[in-house]
Amino acid sequence: MPELPEVEAARRAIEENCIGKKIVKAIIADDSKVIDGVSSDDFKASLEGKTILAANRKGKNMWIQLDSPPFPTFQFGMAGAIYIKGVAVTKYKRSAVKDDDEWPSKYSKVFLELDDGLELSFTDKRRFARVRLLENPLSGPPISELGPDALLEPMTADEFSKALSKKKIGIKALLLDQSFISGIGNWIADEVLYQARIHPMQSASSISKEDCATLLKCINEVIKKAVEVGADSSQYPTSWIFHSREKKPGKAFVDGKKIEFITAGGRTSAFVPDLQKNTGAESAKAAGKRQQSKVQKVEHNNSDGQDEEAEAGKSKVKQRGSNAERVSAKKKSKESSSDSDEDLKKSSVKAKQNRSSKGKKDGDQKKKTRGTNTAAKRKLEESDDEDDDYNDASGSNDDYEQGNDHKLSSRTQSKGKKTTKPAAEPRQTRNEPSKKQK
């Protein structure tokens with residue numbers, strides 16, 4: 001991202017190539033997010049015909065001074081960059097313009113053509129930059145709200161130490177605060193803290209006077225070196241953490257020591273734990289707070305666990321109740337089924353008894369019928385005996401044969417029809433004369 005060295009390189013490129021030249025053509029992008037507070041037509045009218053007198057910078061903001069106000073000001077944001085056609089201007093990683101890209105770039109927000117044919121463009125691919133027209137950039141925000149410029153208005157060691165002693169926030173967050181000191185961004189803050197061997201999270205007020213002096217010295221040296229080489233990172237010293245800070249965790253090392261990453265001041269921060277220790281009373285106090293927070297978190301978790309156990313107990317009781325209801329219903333169903341089975345058994349027994357009783361009655365009836373038949377048979381036999389006696393007395397063969405025929409007929413009728421034998425004809429008395437006697 002563009003920080004003080006990158007913006008300073010752009011300012012110097014304009015100063016070296018554009019001073020004294022007139023703007024003959026201006027093309028302003030119709031992008032109200034980047035072009036802040038003025039229409040593209042009004043912006044264009046304010047630039048065309050004006051002569052460039054100077055290029056100024058404070059912190060990460062730059063403005064072009066014309067022969068009359070208002071002046072265009074540029075807040076570079078995350079990917080803002082100045083390009084001059086035919087002039088080598090320092091490029092950085094997030095810049096969208098390449099040598100073989102169309103010109104002006106489709107990401108151009110302000111394009112200027114000068115009277116000698118030189119062309120200048122301010123581009124911003126990510127649209128976090130802000131371009132404004134200001135009557136007096138130094139007297140109005142955002143520039144009026146900036147702290148002393150880290151390059152142009154350096155503090156003394158005593159001023160710096162005194163300023164830090166009043167701040168109880170982390171040193172990394174303080175360095176990123178543009179109202180405290182302007183021009184330092186994320187990579188410069190990581191670099192100077194690494195070189196000063198100060199942890200990014202250490203409270204500014206807990207840093208010793210000697211360490212404050214060391215930190216201020218590192219700030220001045222790092223910024224001067226970066227500006228000296230035109231913000232060309234390939235020329236930064238190999239011992240700088242800059243070259244490894246964007247590598248993946250676990251693969252980032254500097255001078256053989258592991259680099260770790262944390263969030264400090266709302267930004268990802270690279271540091272070396274072996275060299276940058278978080279020390280001081282404020283650090284211990286912060287550690288105590290962290291420990292207390294951890295204990296509270298554990299207690300909270302335990303409380304949650306107890307609540308969960310209580311809920312689980314309630315759930316189990318509820319489940320037991322449901323199970324008991326199910327068992328009771330099952331038992332009732334079983335009892336009902338058992339009653340049905342019992343009724344069925346009783347019904348079956350009753351049916352058997354009825355059948356048995358009926359069979360007994362039928363048996364009795366059969367026995368009674370058999371008895372009747374037996375009595376009739378006995379009567380028949382008695383009658384036969386009487387006939388035999390009569391035949392013997394008469395001595396008649398004809399009567400004997402007739403008697404036998406009569407007995408056979410009577411027996412056949414008794415056996416086939418089970419009927420009572422017809423009444424026998426009246427016997428002849430002994431006093432009546434037989435046929436022979438006649």
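Analyst: A strand is a DSSP run of E, at least two residues in length, numbered from the N terminus. With that in hand, we can place things in this model, which is a predicted one. For example, proline 70 is found in the loop between β3 and β4.

User: What makes the bond between proline 69 and proline 70 worth a look?

Analyst: Its omega is about 5 degrees, and the bond is cis. Most peptide bonds are trans. A second cis bond joins tryptophan 103 and proline 104, with omega about -10 degrees. Proline 104 is found in the loop between β5 and β6.

User: How do you know that β3 and β4 pair?

Analyst: Two strands pair if DSSP finds at least two bridges between them. Strand β3 (residues 61-66) and strand β4 (residues 71-75) have three bridges, so they pair, in the antiparallel sense. One residue to find is methionine 62, whose bridge partner in β4 is phenylalanine 74.

User: Which strands belong to the open sheet with β3 and β4, and in what order?

Analyst: The order is β2-β3-β4-β8, with antiparallel pairing. Each of β2 (52-58) and β8 (130-134) pairs on one side only, and these are the edge strands. From one strand to the next, the twist averages 20 degrees.

User: What makes you say that helix α1 packs on this sheet?

Analyst: Contact means heavy atoms within 4.5 Å, and α1 (residues 4-17) touches β2 and β3. The direction of α1 makes about 170 degrees with that of β2. Helix α2 (residues 40-47) lies across β3, β4 and β8, and runs at about 55 degrees to β8.

User: What is the strand order of the other open sheet, the one that includes β6 and β7?

Analyst: It is β1-β6-β7-β5, and the pairing is antiparallel. The edges are β1 (23-28) and β5 (81-84), each pairing on one side only. Strand β6 (residues 108-114) pairs with strand β7 (residues 119-123) over five bridges, and serine 108 stands opposite threonine 123 in β7. Helix α1 packs on this sheet too, touching β5 and β7, while α2 touches β1 and β6.

User: How do α1 and α6 cross, and is the crossing left-handed or right-handed?

Analyst: Their axes come within 9 Å and cross at roughly 35 degrees. The crossing is right-handed. On the α1 side the contact is made by Leu4, Pro5, Glu8 and Arg12, and on the α6 side by Ile223, Ala226 and Val227.

User: Why do Glu8 and Arg12 count as charged in that contact?

Analyst: Glu and Arg are both in the charged class, so these two residues of α1 fall there. The full tally is five nonpolar, no polar and two charged.

User: How many cavities of 30 Å³ or more does a search of the whole structure find?

Analyst: There are two, and the largest has a volume of about 40 Å³. A cavity is a space where a 1.4 Å probe fits but cannot get out. Among the residues lining the largest cavity are Met62, Phe74, Arg132 and Ile143. Strands β3, β4 and β8 each supply at least two residues of that lining.

User: What makes arginine 127 stand out?

Analyst: Arginine 127 has a positive phi of about 65 degrees although it is not a glycine. Most residues other than glycine have a negative phi. You can find arginine 127 in the loop between β7 and β8.

Methods: Residues are numbered from 1 along each chain as its sequence is written. This is a predicted model: local features need pLDDT of at least 70, side-chain atom pairs count only at pLDDT 80 or more; totals for chains, interfaces and linings use all residues. Side-chain values use heavy atoms; hydrogens and water are left out. Helices (H or I, at least four residues) and strands (E, at least two) are DSSP runs, numbered from the N terminus. Axes are lines fitted to C-alpha atoms, for helices over the stretch in contact, and angles run from 0 to 180 degrees between N-to-C directions. A crossing is left-handed if the near helix is turned anticlockwise from the far one by less than a right angle, and right-handed if clockwise. On a 1 Å grid over the protein atoms alone, a cavity is a set of points where a 1.4 Å probe fits but cannot get out, and a pocket is an open set with protein on both sides within 12 Å along at least five of seven lines; lining residues have an atom within 4 Å of a point. Grid points are joined across faces, edges and corners, and a volume is the space filled by probe spheres set on the points.
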